[in-house]
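Trainee: I should like to understand how the descriptive terms applied to this protein are justified. May we go through them one at a time?

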Amino acid sequence: MDDSVVEGAEENRGEAQDSERVARLQERLERALREAAQIEVELSRVDGTIRGVPHYSVIEGRAHRLGKQLSREIQQRQMRELTADQSTTCKCPTCGRRCAVRPKERTVQTVDGDSLLTEGACYCAGCRRSFFPTA
Ligand SMILES: [Zn+2]
């Protein structure tokens, strides 16, 4: 068997595992979303927001608030993971000194409301200035 065939086979196996993992994760996400929706409906009855037959806008408004909350949660997690994957030092754009990258939280206005996001930030003691690693 020549090497290109072996490499091709491994590549296909990797893709098969990835697509199985994608399917598993999508199924898990669907389940979690259905459960979140069920909990939200139960909560709206218990906390008294939804009583009798409310105007549809009450149902819609509450559902939309939860959607925005989920969006902010995803954005926060994505930023935390990106920050954790960043290199631990960066070069000062002014003097070239290596500076430590530290996670820094800041409130960002997103389309889904204010969100406390984490990002890597550097401070150069020599230049007494802060900057972002990507800058
Ligand atoms: Zn500097």
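Trainee: Which residue takes a positive phi in the hairpin of E1 and E2, and how many residues lie between the strands?

Mentor: The model is predicted, and I speak of it as such throughout. In that hairpin six residues separate the two strands, and glycine 96 takes the positive phi, near 85 degrees.

Trainee: How do you know that E1 and E2 are paired?

Mentor: Pairing requires at least two bridges between two strands. E1 and E2 are joined by three bridges and run antiparallel, so the requirement of at least two is met. Lysine 91, for instance, stands opposite arginine 98 in E2.

Trainee: What joins strand E2 to strand E3?

Mentor: Strand E2, residues 98-110, and strand E3, residues 113-124, are antiparallel and share 10 bridges. Set against the cut-off of at least two, the 10 bridges qualify E2 and E3 as a pair. Several facing residues can be named: proline 103 is opposite glycine 120 in E3, glutamine 109 has aspartate 114 as its bridge partner, and threonine 110 is opposite glycine 113. Two residues lie between E2 and E3 in their hairpin.

Trainee: How many bridges support the pairing of E3 and E4?

Mentor: Three bridges connect E3 and E4 in the antiparallel sense, which again satisfies the minimum of two. Tyrosine 123 stands opposite serine 130 in E4.

Trainee: What is the order of the strands in the sheet, and why are E1 and E4 said to stand at the edges?

Mentor: The sheet is open, with four strands in the order E1-E2-E3-E4 and antiparallel pairing. Strand E1 (89-91) and strand E4 (129-131) each have a single partner strand, so one side of each is left without a neighbour in the sheet. Neighbouring strands are turned by 55 degrees against each other on average, direction ignored.

Trainee: Which strands does helix H2 lie across?

Mentor: Helix H2, residues 56-85, lies across E2 and E3, and its direction makes an angle of about 15 degrees with E3. In the protein as a whole there are two helices and four strands, following the pattern α-α-β-β-β-β along the sequence.

Trainee: Why is arginine 128 called exposed?

Mentor: The limit for an exposed residue is 12 or fewer C-beta neighbours within 10 Å. Arginine 128 has 7 such neighbours inside 10 Å, and therefore counts as exposed. Its place is in the loop between E3 and E4, in a hairpin with four residues between the strands. Arginine 128 also has a positive phi of about 50 degrees although it is not a glycine.

Trainee: What makes serine 87 exposed, and where does it lie?

Mentor: Serine 87 belongs to the loop between H2 and E1. Its count is 8 C-beta neighbours inside 10 Å, under the same limit of 12 or fewer, so serine 87 is exposed. The C-alpha atoms of serine 87 and valine 101 are 7.4 Å apart, with a sequence separation of 14 residues.

Trainee: Why is aspartate 112 classed as partly exposed?

Mentor: A buried residue needs 20 or more neighbours, an exposed one has 12 or fewer, and partly exposed covers what lies in between. Aspartate 112 has 17 C-beta neighbours inside 10 Å, so it counts as partly exposed.

Trainee: Where is aspartate 112, and which residues is it in contact with?

Mentor: Aspartate 112 lies in the loop between E2 and E3. Neighbours within four places in sequence aside, its contacts are Lys68, Ser71 and Arg72. Aspartate 112 and serine 71 are 41 residues apart in sequence, yet 6.8 Å apart from C-alpha to C-alpha.

Trainee: What share of the protein is buried?

Mentor: Buried residues account for 6% of the 135 residues. Among contacts with a separation of 6 or more, 49% involve residues 24 or more positions apart.

Trainee: Where is confidence lowest, and where is it highest?

Mentor: The mean is lowest in helix H1 (residues 3-46), at 86, and highest in H2, at 94. The protein averages a pLDDT of 90, and 90% of the residues score at least 70. Where pLDDT is low, the predicted coordinates should not be read in detail.

Definitions and conventions. Residues are numbered from 1 along each chain as its sequence is written. This is a predicted model: local features need pLDDT of at least 70, side-chain atom pairs count only at pLDDT 80 or more; totals for chains, interfaces and linings use all residues. Axes are lines fitted to C-alpha atoms, for helices over the stretch in contact, and angles run from 0 to 180 degrees between N-to-C directions. Two residues are in contact if their C-beta atoms, placed from the backbone, lie within 7 Å. pLDDT is the predictor's confidence in each residue, from 0 to 100.
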